[in-house]
Amino acid sequence: MAHQTLEELAFEVMAIRLAFLIIPNITGAVHVMANPCYSYHTEKIVETGERLHKMCNLLDPAFDTNRCVMKVAATWEGLQTCRQLALCGIKTLATTVFTTEQVILAGEAGCVSMSPFVHEAKSHFDEKYSDEMPLLRLCVQVQQLYKKRSINTKVKACAMLSVDEILHLAGVDALTILPEDLDKLQKGTGCVRLVEYQYLFGGNSMSDHSDYPSYLDDESTYRLDFARSGQGKGQYKLMQVVAIFSDFQFKGEQFMKAHQETLH
């Protein structure tokens, strides 16, 4: 059992309480992020999933934990954790997905959903940085691939930078949309015409993925194929976003530590 600090536990409690505030306003599931600092540590992510469910029961015994989905970074270790947690009845979402290799392993691992990042994380935090290769078509190809292979994992696209990109993805299983973009969509006119013109699900965007093997029990092949994907761009983007998310985790825990008197 991994040692946890009071600040880390408090951070998890706050995340669950936030989820409880959202639950009355939705019909589906809420998402709680596993500590991104554990992204390369299978045992710690498993313990986190089990602990979050116990916390949910302690904080609200009436809460249906089937509506709690833990977000896990789509590293090899993270996706193997999703496989273990699925066997325990704990639902997971594979996040920080940039490559087809991650897509296939997330489906094989039994994730209820997975989130391709249309833009790399840096694009959202550095106004001077421009991601020239948004992964819009990956979202389409992923959904078609899952359907072809009869995989139940849903595609939950995220990290779009404009309403136009959201409209391009009309037809995807689910979208993570910023409040300001929701407001623009609500106030917009001619959206039907725009969607008919722009959306990517109308044509045949399927690439031939028949040559992709099963990665579930083949770590060496997965790591090699993932490292080569996009000449290393996928691996770089994953490492970048894990570093960014881990920094947010660290800052959150530092905030908790600075307010320790209120945690006791």
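In what order do the six strands of the open sheet stand, and is their pairing parallel or antiparallel?

## The sheet

In this predicted model, the six strands follow the order β1-β2-β3-β4-β5-β6 and form an open sheet with parallel pairing. The edges are held by β1 (30-33) and β6 (174-175); each has a single partner strand, so one side of each is left without a neighbour in the sheet.

Strand β5 (residues 154-157) runs parallel to β6 and is joined to it by two bridges. In this pairing, lysine 156 stands opposite alanine 174 of β6. Helix α6 (residues 136-148) packs on the sheet, where it touches β4 (113-116) and β5, and its direction makes about 170° with that of β5.

## Helix α1

Helix α1 (residues 6-22) has 17 residues, which at 1.5 Å a residue should span 24 Å; the C-alpha atoms at its ends are 25 Å apart, in agreement with that expectation.

Several residues of α1 are buried, namely Glu7, Glu8, Ala10, Glu12, Ile16, Ala19 and Phe20. The buried residues of this helix pack against strand β1 and against helices α2 (42-59) and α11 (233-258).

## Cysteines

A disulfide requires two cysteine sulfur atoms within 2.5 Å, and by this rule the count is zero. For cysteine 82, the closest cysteine sulfur belongs to cysteine 111 and lies 3.7 Å away, which is too far for a bond.

Cysteine 82 has 0% relative accessibility and therefore counts as buried. Cysteine 37, at 45% relative accessibility, counts as partly exposed.

How values were computed. Residues numbered from 1 in each chain as written. Predicted model: local features only at pLDDT ≥ 70, side-chain atom pairs only at ≥ 80, totals over all residues. Heavy atoms only, no water. Pairing = 2+ DSSP bridges. Helix = DSSP H or I, 4+ residues; strand = E, 2+ residues; numbered from the N terminus. Contact = heavy atoms within 4.5 Å. Axes fitted to C-alpha atoms, helices over the stretch in contact; angles between N-to-C directions. Buried < 20%, exposed > 50% of the residue type's maximum accessible area, 1.4 Å probe, protein only. Expected span 1.5 Å × (residues − 1).
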